[in-house]
Each structure stands twice: as C-alpha cells, then as structure tokens.
Amino acid sequence: MHMLLEKQQCRLDMHKHTNTPREGCNCNVQMFPPFSLQGIVLSNNPPCKLLSSLSRHSSFESESSSKKPQFHLDLWFYFTLQNWVLDFGRPIVMIILPLEWFPLNKPSAGDYFHMAYNVITPFLLLKLIERSPKTLPRSAVYVCIITFVMGASIHLVGDSVNHRLILSGYQLHLSVRENPIIKDLKPATLIDSFELLYYYDECLGHSMWYLVTEGQIFILYIFTFFAMMATVMHQKRKGFVLDSNGLFLLSTFAITLALIAVWVICLWNDKVLRKKYPGVIYVPEPWAFFTLHIKGRM
C-alpha cells in the first residue's frame, strides 16, 4: 500500500515539475512512447535516463560543430620541400657534382634523389588521405598509390639513362632520330629502342606519376584542373565549400596554369622548339630549353 502511494505521488510530481521526478524517487513509470531522436533510440527508458541522454547528445553536437578542419601545414610543407629539392633539384645536382664521383655506369646523385622521391611522396599522399574526413574506398586508394609507384619507377630508369645521354652529347630539343649521336647507330633497330626508352620516360612515366609544365602531359594536367573546378562548383550548389586544404590545392593549380602561360608566351616564337613540339598544344620541356639555349654557354 505504501509503494502504491509513493508511485502515485511520483506521477503527480512529474506532472507538476516538467516531467522531472522527485529526488530519491524509485519509480520506473513509462511516461513516453518509444521514439527516435537524431540517432538516439529512446524506448521504455525512465525519465531520468531520457533527460541524461538528451543532455549528452546536445553536448556532443556542440563539440562536433565547434571543430573546424585544420590546415595541414606540415604535410604541405613536406610536399613543397621534397618537390623542390628531390624533383626540381635532381638534374641540377647531376650537373653540378663532378662526374668522377658518379661514373656513368653507376647511379648518380640525381638517381638517389629520385629514389627518395619515389618513397617519400607515396608516404605523404597516404598521410594526407588519412587526415581527410571523407576518403575514397581503400581499393581505389591502393590502385592510385600502386599506379603512382609504378609510373615513378618507370620514370626513374628512363630519366637516368636520358641524363647520361645528355652528358654524351644528346640534345633534348631534337627528336630521337634527329640527334647526332643516335641517327648513325647501327643496326638501325637500336634507334627504335631509344625511341621506346623516350616514350617510357617522357610520356608513360610522366602521365602515371606527376603533373608538371611539359607538353606531353599538359592535357592530363588541364583536364584534372577543370575536373576539380567543376566538382567545386557542383558541390557549392549543394551548400558545400572548400576548406583551407582544398583552397590551397586549387590555388596551386591556378598559379601553375598562370606560370605555364608565361612560359609559353616567352617561347612562342622559338622555331627550334616549335619543330620539336608541333600541334595546337605547345608547352616546351625545361630540359629541351636547357640543351638548346643554356648548355652551350656552360
């Protein structure tokens, strides 16, 4: 009898005080029907637990909304540093260091730079993907990284041989068959082998591993840039905007496009390079410019 009176008093207290049970109340009365609120399933819970769950959920939402995407300064810095040192600085090191230190039948300093680049870059890409709030399926990530490593390895071998040919008098501003050290090779099938080497180095290897200001892969670069722009515009209509990392990446592509335009304008009337790079898309390679205009003055 005493318990029945206590339960009845609890019902009255909860009705009077916004459904809050009296302290010390030991009732287990179902006041609300089962329902779901923003992912929290509330079914046959005592009112005390119900209010506690709502409080915890609201605090979680406020913490989540207060978190903002951080700019990955460390990763972008490492990307920039290793690109300038290991990629752009690679041929410069090969030219500056004495040839006696690295015989032509052994890997050069530039080759070791290239090997380090092929290891560090996939690692940084994986770290950047790990920090992304939304990523591709693992299988797609694996395929991309494997393709990158394969292309970088192809480019490593082809580029290493190409730079040794330059030291032997090979002129990159001329086609393979027009080069003085190549055109008189016997048997003639050796020239086909060198053309295959050039294809692996300058076309296939570049297309599989990085985007720079070179004519044979400019189409891939510009397609990637416009695809990024289209994606950004499409997502903006849905109310999504780029974070600081996305803005930085898009800005680097835009700046690169501007620098390509300056490069092309400066070499627009160069007849020799025009012959090497015919067609509508005219983006001369830096190495071709080097062998044509700089190497003879050194």
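**Close-ups of a predicted model**

**View 1. A salt bridge joins glutamate 178 and lysine 275.** In this predicted model, the two side chains meet at 3.8 Å, N to O. Glutamate 178 sits in the loop between H5 and H6, while lysine 275 belongs to helix H10 (residues 271–276), so the pair ties together parts that are 97 residues apart in sequence. Glutamate 178 is partly exposed, at 35% relative accessibility, and lysine 275 is exposed, at 61%. The structure holds eight salt bridges, and a few others come up next.

**View 2. Arginine 177 and aspartate 192 form a salt bridge.** Here the N to O distance is 2.5 Å. Arginine 177 is found in the loop between helix H5 (138–167) and helix H6 (180–183), and aspartate 192 in helix H7 (residues 189–209), so this pair links parts that are 15 residues apart in sequence. Arginine 177 is partly exposed, with a relative accessible area of 40%; aspartate 192 is partly exposed too, with 39%.

**View 3. Lysine 127 and glutamate 130 meet within one helix.** Both lie in helix H4 (residues 109–131), three residues apart, which is about one turn of the helix. Their side chains make a salt bridge of 3.3 Å, N to O. Lysine 127 is partly exposed, with a relative accessible area of 30%, whereas glutamate 130 is exposed, with 58%.

**View 4. Phenylalanine 218 is tucked into the largest nonpolar core.** This residue lies in helix H8 (residues 218–237) and is buried, with a relative accessible area of just 15%. Skip its neighbours within four places in sequence, and phenylalanine 218 is in contact with Leu257, Ile260, Ile281 and Val283. Take isoleucine 281: it is 63 residues along the chain from phenylalanine 218, yet their C-alpha atoms are separated by 8.0 Å. The core has 15 residues, and Phe218, Tyr221, Ile260, Leu273 and Tyr282 touch the most other members. H8 and helix H9 (244–266) are the elements that give two or more residues to this core, and H8 gives the most, with five.

**View 5. A nonpolar patch lies on the surface.** The patch covers about 1,100 Å², and its residues include Phe77, Trp84, Phe88, Ile92 and Met298. Helix H3 (residues 73–96) gives the most to the patch, with nine residues. One of the patch residues, isoleucine 92, sits in helix H3 and counts as partly exposed, at 38% relative accessibility.

How values were computed. Residues are numbered from 1 along each chain as its sequence is written. This is a predicted model: local features need pLDDT of at least 70, side-chain atom pairs count only at pLDDT 80 or more; totals for chains, interfaces and linings use all residues. Side-chain values use heavy atoms; hydrogens and water are left out. Helices (H or I, at least four residues) and strands (E, at least two) are DSSP runs, numbered from the N terminus. Buried means under 20% relative accessible area, exposed over 50%, partly exposed in between (1.4 Å probe, protein chains only). Contact means heavy atoms within 4.5 Å. A nonpolar core is a set of buried Ala, Val, Leu, Ile, Met, Phe, Trp, Tyr and Cys residues joined through side-chain atoms within 4.5 Å. Patches are made of residues with over 30% relative accessible area and no salt bridge: like charges are joined within 9 Å, nonpolar side chains (Val, Leu, Ile, Met, Phe, Trp, Tyr) within 5 Å. Accessible areas come from the Shrake-Rupley method with a 1.4 Å probe; for residues, only the protein chains shown count as cover. A salt bridge is a side-chain nitrogen of Lys or Arg within 4 Å of a carboxyl oxygen of Asp or Glu.
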